[in-house]
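This briefing is meant to be read with the sequence and the 3D view side by side. Please look over both before going on.

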Amino acid sequence: MSTATIGIEKRIVITAALFVLTLTGVIAMSVKVFGFGLPTCLTDVRPFRDGKVITQAPKRYEIHYLARMWRFEPADISIPPGSTADIYLSTADVTHGMQIVGTNINLMAVPGAVNYARVKFDQPGEYLVVCNEYCGIEHHQMAARIHVTDRAAAPPPLPVTAAAAPLGGQELLDKYACTACHSLDGSPMPGPTFKGLYGSKRTLADGTAAVADEAYLLESIEKPNAKTVKGFDPVMPETTIPPAEMRAIVQFIKTVK
Ligand code: CUA
């Protein structure tokens with residue numbers, strides 16, 4: 001091999017090495033300087049059932065977001081500017097999205113899994129958290145807020161939790177994800193609609209009939225497949241909803257006309 005060929009090879013190797021170094025540098029700079037997120041990933045954290053903020057150190061937080069039809073928990077958080085938050089996202093029912101407007105955070109809340117991303121809030125302001133995955137009739141209402149403000153700097157910020165009032169029938173339908181399969185407005189879904197259900201005559205799969213009175217509704221919640229309405233598949237799982245909540249649900253269903 002001539003010296004000229006070796007010279008060219010050397011130059012190619014050096015050029016390639018420089019190219020790789022430059023790319024690595026650009027990626028590192030994007031992360032450090034411009035705050036681009038590295039790809040997020042599913043964690044092996046077990047899905048959780050309640051949202052909360054954990055203060056790990058000054059300006060270091062762990063936020064557990066629970067997405068559900070149709071809100072995020074916690075709904076309202078205050079943290080000081082310069083805070084770094086480790087965000088864990090779980091869902092209580094169906095698939096939701098979670099985008100923090102003004103940041104690069106855009107996660108999916110997938111049943112059975114927990115998603116993770118880290119975000120730093122340098123600029124004070126109100127950050128809107130929205131669901132960007134269609135999840136039912138009130139998908140567009142599903143939002144939460146993160147207040148990045150110095151006012152919260154003194155005491156450790158805590159999530160604003162709603163008063164522990166008992167949930168109403170409609171909220172319980174959301175809590176137990178009933179509305180994932182039963183509509184309130186008559187639109188077709190995997191299960192019968194609740195619209196006009198109470199007091200109506202039901203034709204059952206076995207050809208018999210039943211009236212949707214209180215006893216029928218309570219039985220249908222507890223043992224859904226005791227009576228299957230004609231035209232529907234017996235796919236609803238049995239529930240273990242506390243009796244008081246079942247009664248609240250039935251009272252609500254009565255009002256859906
Ligand atoms: Cu949750 Cu859309």
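The points below go from the whole chain to one helix, then to a few single residues.

The structure is a predicted model. Its chain has 257 residues, of which 36% are buried. The chain contains four helices and 13 strands.

**The chain as a whole**
- Among contacts with a separation of 6 or more, 56% join residues that are 24 or more positions apart.
- The chain exposes about 15,100 Å². Carbon and sulfur atoms supply 61% of that exposed area.

**Helix α3**
- Helix α3 covers residues 214–222.
- Y216, L217, S220 and I221 are the buried residues of α3. They lie on the same side of α3, because the arc they cover around the axis is only 130°.
- Three elements pack against these buried residues of α3: β12 (201–203), β13 and α4.

**A210, in strand β13**
- Strand β13 runs over residues 209–211, and A210 lies in it.
- Is A210 buried or exposed? The relative accessibility of A210 is 13%. Buried means under 20%, so A210 counts as buried.
- Outside its neighbours within four places in sequence, A210 is in contact with S200, K201, R202, L204, Y216 and K227. One of these, Y216, is also among the buried residues of α3.
- A210 and V229 are 19 residues apart along the chain, and their C-alpha atoms are separated by 9.3 Å.

**T228, in a loop**
- Where is T228 found? T228 is in the loop between α3 and α4, the latter being residues 243–255.
- T228 has a relative accessibility of 17%, so this loop residue counts as buried.
- Which residues does T228 contact, leaving aside its neighbours within four places in sequence? They are L204, A205, D233 and P234.
- L204 is in contact with T228, and L204 is also in contact with A210.

**Cysteines**
- C131 has a relative accessibility of 7% and therefore counts as buried.
- C135 is buried as well, with a relative accessible area of 6%.
- How many disulfides are there in the count? The count comes to zero, where a disulfide would need a pair of cysteine sulfur atoms within 2.5 Å.

Conventions. Residues numbered from 1 in each chain as written. Predicted model: local features only at pLDDT ≥ 70, side-chain atom pairs only at ≥ 80, totals over all residues. Heavy atoms only, no water. Helix = DSSP H or I, 4+ residues; strand = E, 2+ residues; numbered from the N terminus. Buried < 20%, exposed > 50% of the residue type's maximum accessible area, 1.4 Å probe, protein only. Contact = heavy atoms within 4.5 Å. Arc of directions from axis to C-beta. Areas by Shrake-Rupley, 256 points an atom, 1.4 Å probe, with all protein chains shown as cover.
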